[in-house]
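Good morning, colleagues. Thank you for the opportunity to present a structure that may be new to many of you. Please take a moment to look at the sequence and the model before I begin.

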Amino acid sequence: MIEIQNLHFHYGKNHVFKGVSTTLAPGHIYGILGKNGTGKSTLLYAIAGLLYPKAGSIQVNGFVPGRREPGFLEDIFMVPEEFHLPNISISDFVKYHSPFYPNFDRQAFYDFVESFDIPPDSLLQGMSYGQKKKVFISFGVASNVSVLLMDEPSNGLDIISKGQLRKVIAGAATASRTILISSHQVQDLENLIDEVLILNDTEILIKESLDAVARKLSFKISFDPDDLKDALFSESILRGNTIVALNTEATESNVDLELLYKAAMAEPKKLKSILHSPTEI
């Protein structure tokens, strides 16, 4: 369980969070969306104990992250966007680092590496950035920690690898694990996350399950100009429009994360009011 209370954070005069409070529960894969500079990475680093709140508090499974206690460190893993791996073999990397994670699954790690088509006897420094990221992600998932943080994990991966990444992360989801993924590549999170956090203007603008979003909003392609009258957000396509509207007829539609994000950026107050209102519209 991750509990954030009245979080404030700033870099000099640049305020990133002002009074943010939320709870992130086990059993969910959270997708964190937002413009550059809205705090996606900052939030992950603060949860990991690598940045310290200016005010407010964060607790992760009862630990204060900034204290970096052994019980905290052995049960959390972060895959940052940029990282350095030593000039050793994959097997030596596992040998030297896995003892820090009591629940590390060695077989699962090598299964993940194989699924990414990486020879298990490779030297890390001889790999491309994308290959190193696949190894690091595989290690993080195989660590079986209860909190897994991933900052832009799909950066540097090709289309096939992104699909495999989604399978690996989806397979890692358990009732006792909390997974947070930040990304500016919204499409990479579709069919993976079950809750979305959209950051904007020093706050968490939206925090909702995709099921709740689907109950309140509809996402569709329309070729009828009359549908634009009731649209909360629309975007023109060839001979028609993609539309976000109130789900007044309780119809089922898949949440289009990219459209949801664009609608939230275009009409932040309106979307926040709708999604934070009771389920019945």
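I shall begin with the chain as a whole and then turn to its parts.

Please note at the outset that this is a predicted model. The secondary structure of the protein chain comprises 9 helices and 12 strands. The radius of gyration is 20 Å, close to the 19 Å that the globule rule gives for 281 residues, so the chain is as compact as a globular protein of that length. Taken along the principal axes, the C-alpha atoms fill a box of roughly 65 × 45 × 35 Å. Of the 281 residues, 49% count as buried. The exposed area of the protein chain is about 13600 Å², and carbon and sulfur atoms supply 50% of that area. Among contacts with a separation of 6 or more, 68% are between residues 24 or more positions apart.

Let us now consider a sheet formed by strands 1, 2 and 4. Its 3 strands form an open sheet in the order 2-1-4, and the pairing is antiparallel. Which strands stand at the edges? They are strand 2, residues 14-24, and strand 4, residues 55-60; each has a single partner strand, so one side of each is left without a neighbour in the sheet. From one strand to the next, the twist averages 25°. Strand 1, residues 2-11, is joined to strand 2 by 8 bridges, and His-10 has His-15 in strand 2 as its bridge partner. Helix 1, residues 40-47, packs on this sheet and touches strand 1, strand 2 and strand 4. The direction of helix 1 makes about 125° with that of strand 1.

After strand 4, I would draw your attention to one residue. Pro-65 lies in the loop between strand 4 and helix 2, the latter spanning 70-73. Is Pro-65 buried or exposed? Pro-65 is buried, with a relative accessible area of 2%; the cut-off for a buried residue is under 20%. Leaving aside residues up to four places away in sequence, Pro-65 touches a set of residues that includes Ala-46, Ile-47, Ile-58, Val-60 and Phe-72. The C-alpha atoms of Pro-65 and Ile-76 are separated by 9.8 Å, the two residues being 11 apart along the chain.

Ile-76 brings us to strand 5, residues 76-79. In a regular strand, side chains alternate between the two faces of the sheet. In strand 5, Ile-76 and Met-78 point one way, while Phe-77 and Val-79 point the other way, and all are buried. Strand 5 pairs with strand 6, residues 147-151, in the parallel sense over 4 bridges. Within this pair, Ile-76 stands opposite Val-147 of strand 6.

The next element is helix 4, residues 106-115, in which Ala-108, Phe-109, Phe-112 and Val-113 are buried. These residues cover an arc of only 135° around the axis, which puts them on the same side of helix 4. On the other side of helix 4, Gln-107 and Glu-114 are exposed. The cover over the buried residues of helix 4 includes helix 3 (90-97), helix 5 (129-142) and helix 6 (159-172).

I turn next to the sheet of strands 10, 11 and 12. These 3 strands form an open, antiparallel sheet in the order 10-12-11. Strand 10 (217-222) and strand 11 (231-237) stand at the edges with a single partner strand each, so one side of each is left without a neighbour in the sheet. Neighbouring strands here are turned by 15° against each other on average, direction ignored. Strand 11 pairs with strand 12, residues 240-246, over 6 bridges, and Phe-233 stands opposite Val-244 in strand 12.

Two helices accompany this sheet. Helix 8, residues 257-266, lies across strand 10, strand 11 and strand 12, and runs at about 120° to strand 11. Helix 9, residues 268-275, packs on the sheet and touches strand 10, strand 11 and strand 12. In helix 9, Leu-271, Ile-274 and Leu-275 are buried. They span an arc of only 90° around the axis, which puts them on the same side of helix 9. The face turned away from that buried side carries the exposed residues Lys-269 and Ser-273. Among the elements covering the buried residues of helix 9 are strand 9 (203-209), helix 7 (210-216) and helix 8.

Thank you for your attention.

How values were computed. Residues are numbered from 1 along each chain as its sequence is written. This is a predicted model: local features need pLDDT of at least 70, side-chain atom pairs count only at pLDDT 80 or more; totals for chains, interfaces and linings use all residues. Side-chain values use heavy atoms; hydrogens and water are left out. Two strands pair if DSSP finds at least two bridges between them. Axes are lines fitted to C-alpha atoms, for helices over the stretch in contact, and angles run from 0 to 180 degrees between N-to-C directions. Contact means heavy atoms within 4.5 Å. The radius of gyration is taken over C-alpha atoms; the globule rule is 2.2 Å times the number of residues to the power 0.38. Buried means under 20% relative accessible area, exposed over 50%, partly exposed in between (1.4 Å probe, protein chains only). Accessible areas come from the Shrake-Rupley method with a 1.4 Å probe; for residues, only the protein chains shown count as cover. The arc is that of the directions from the helix axis to the C-beta atoms.
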